Amino acid sequence: MLCTVDIGNTNICVGMMDDDRTLTFTGRMRSNRDKTEEEFLIELKNLLNVYNVSVSTVTGAIISSVVPSLTDVVRSGIYRMMGVQPLVVGHGIRTGIRINAEQPSSVGSDLIVDAVAATEKYDGPLIIFDLGTATTCSVVTEDRTYLGTLIIPGVKISQDALSERCAQLPCIRFENPRHLIGHNTVECMQSGLFYGNAAMIDGLIDRINEEYGWKAAAIITGGIGGLIAPYCKRDLIYDENLLLEGLWYLYHKNVKKIAC
């Protein structure tokens with residue numbers, strides 16, 4: 001069993017995957033940047049106990065992190081609990097894709113992991129939307145060259161900013177809108193969040209395809225991706241666990257190197 005860990009800005013997502021890439025378990029805990037190793041171990045143990053997951057079956061681990069202060073905490077905690085030294089996605093890891101960036105080492109590990117999974121699973125040029133704390137839109141060519149990414153304030157960040165910065169706008173629940181045009185303040189905010197982000201995704205797909213003369217496959221993932229995707233008009237592939245699968249691919253691309 002492979003333990004895959006995605007340390008994001010809002011949550012730490014833990015998944016257990018079989019040799020055939022089947023995800024047998026997934027759970028989340030908060031990405032508190034001041035979290036100690038002991039706190040992480042307690043939360044992880046409780047999470048695994050809730051789902052009756054045994055660490056005795058774990059034979060390897062891999063981590064993607066965009067929160068540097070948590071990387072060593074999680075890496076050390078996994079080693080103490082599971083007895084395996086995790087691979088951390090970063091400079092020097094074999095990916096199977098070419099990164100076309102001014103400073104390849106500065107590209108977020110989550111973006112690379114998404115791109116690896118997408119190129120393994122889907123054909124042709126790809127546009128990858130990951131809707132998490134931030135919304136990212138990555139572009140990968142047919143020959144597996146990562147061209148770059150757009151980074152946009154995430155849906156939840158936009159929601160929080162409206163409530164915090166606009167005196168007459170309330171905090172609202174993140175729920176599907178009943179109408180395109182809202183009939184009260186809450187409906188107006190919900191409609192703007194869902195339809196506004198869906199229209200942005202549709203527009204970016206059109207602009208990127210126009211820029212490169214493509215008809216690229218568009219993939220959407222991330223915690224909020226499944227909620228926004230139904231409101232998009234362009235064809236989209238919703239892939240809920242794209243990043244965790246990307247970690248599986250990266251581990252198996254590098255496992256021999258680790259063994260050495």
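W214 is partly exposed in this predicted model. Its relative accessible area is 23%. Y212 is likewise assigned to the partly exposed class, with a relative accessible area of 42%. The rings of Y212 and W214 form an aromatic pair. Their centres lie 4.6 Å apart. The planes meet at 20°, and the pair is classed as stacked. Across the whole structure, the search returns six aromatic pairs. One aromatic cluster is formed by F174, F194, Y195 and Y231. A charged group also sits over a ring: R21 lies over the face of W248. The distance from R21 to the ring centre is 5.9 Å.

The sheet was examined next. Six strands make up an open sheet with mixed pairing. Their order is β6-β9-β8-β7-β10-β11. The edges are formed by β6 (98–99) and β11 (237–238), each of which pairs on one side only.

Strand β7 spans residues 126–131. Its neighbours in the sheet order are β8 and β10. Pairing with β8 (residues 134–140) is antiparallel and runs over six bridges. Within this pairing, I128 stands opposite S138 of β8. Two residues separate β7 from β8, and the two strands form a hairpin. On the β10 side the sense is parallel. Here β7 and β10 (residues 217–221) are joined over five bridges. L126 has A217 of β10 as its bridge partner. D130 is bridged to T221, also in β10.

Burial of β7 is extensive: six of its six residues are buried. Both faces of the strand are covered. One side carries L126, I128 and D130. The other carries I127, F129 and L131.

Two helices accompany the sheet. Helix α3 (residues 109–121) lies across β6, β7, β8, β9 (145–153) and β10. The direction of α3 makes about 135° with β7. Helix α5 (residues 185–212) packs on the sheet as well. The strands touched by α5 are β7, β8, β9 and β10. Its direction is at about 155° to that of β7.

G83 offers a contrast to the covered strand. This residue is located in the loop between α2 (68–82) and β5 (87–88). G83 is exposed, at 54% relative accessibility, whereas I128 in β7 is buried. In sequence, G83 and I128 are 45 residues apart. In space, their C-alpha atoms are 34 Å apart.

Cysteine geometry was then considered. A disulfide is a covalent bond between the sulfur atoms of two cysteines. The structure contains zero disulfides. For C13, the closest cysteine sulfur is that of C3, at 10 Å. No bond is assigned to C13 because this distance is too far for one; the cut-off is 2.5 Å. C232 is also in no disulfide. Its nearest cysteine sulfur belongs to C137 and is 11 Å away. C13 is buried, with a relative accessible area of 7%. C232 is buried too, at 12%. Both values fall under the 20% limit for burial.

Key:
Residues are numbered from 1 along each chain as its sequence is written. This is a predicted model: local features need pLDDT of at least 70, side-chain atom pairs count only at pLDDT 80 or more; totals for chains, interfaces and linings use all residues. Side-chain values use heavy atoms; hydrogens and water are left out. Buried means under 20% relative accessible area, exposed over 50%, partly exposed in between (1.4 Å probe, protein chains only). Helices (H or I, at least four residues) and strands (E, at least two) are DSSP runs, numbered from the N terminus. Two strands pair if DSSP finds at least two bridges between them. Contact means heavy atoms within 4.5 Å. Axes are lines fitted to C-alpha atoms, for helices over the stretch in contact, and angles run from 0 to 180 degrees between N-to-C directions. Rings of Phe, Tyr and Trp (its six-membered ring) pair if their centres lie within 6.5 Å; planes under 30 degrees apart count as stacked, over 60 as edge-to-face and the rest as tilted. A charge sits over a ring if NZ of Lys or CZ of Arg is within 6 Å of the ring centre and within 35 degrees of the ring normal.
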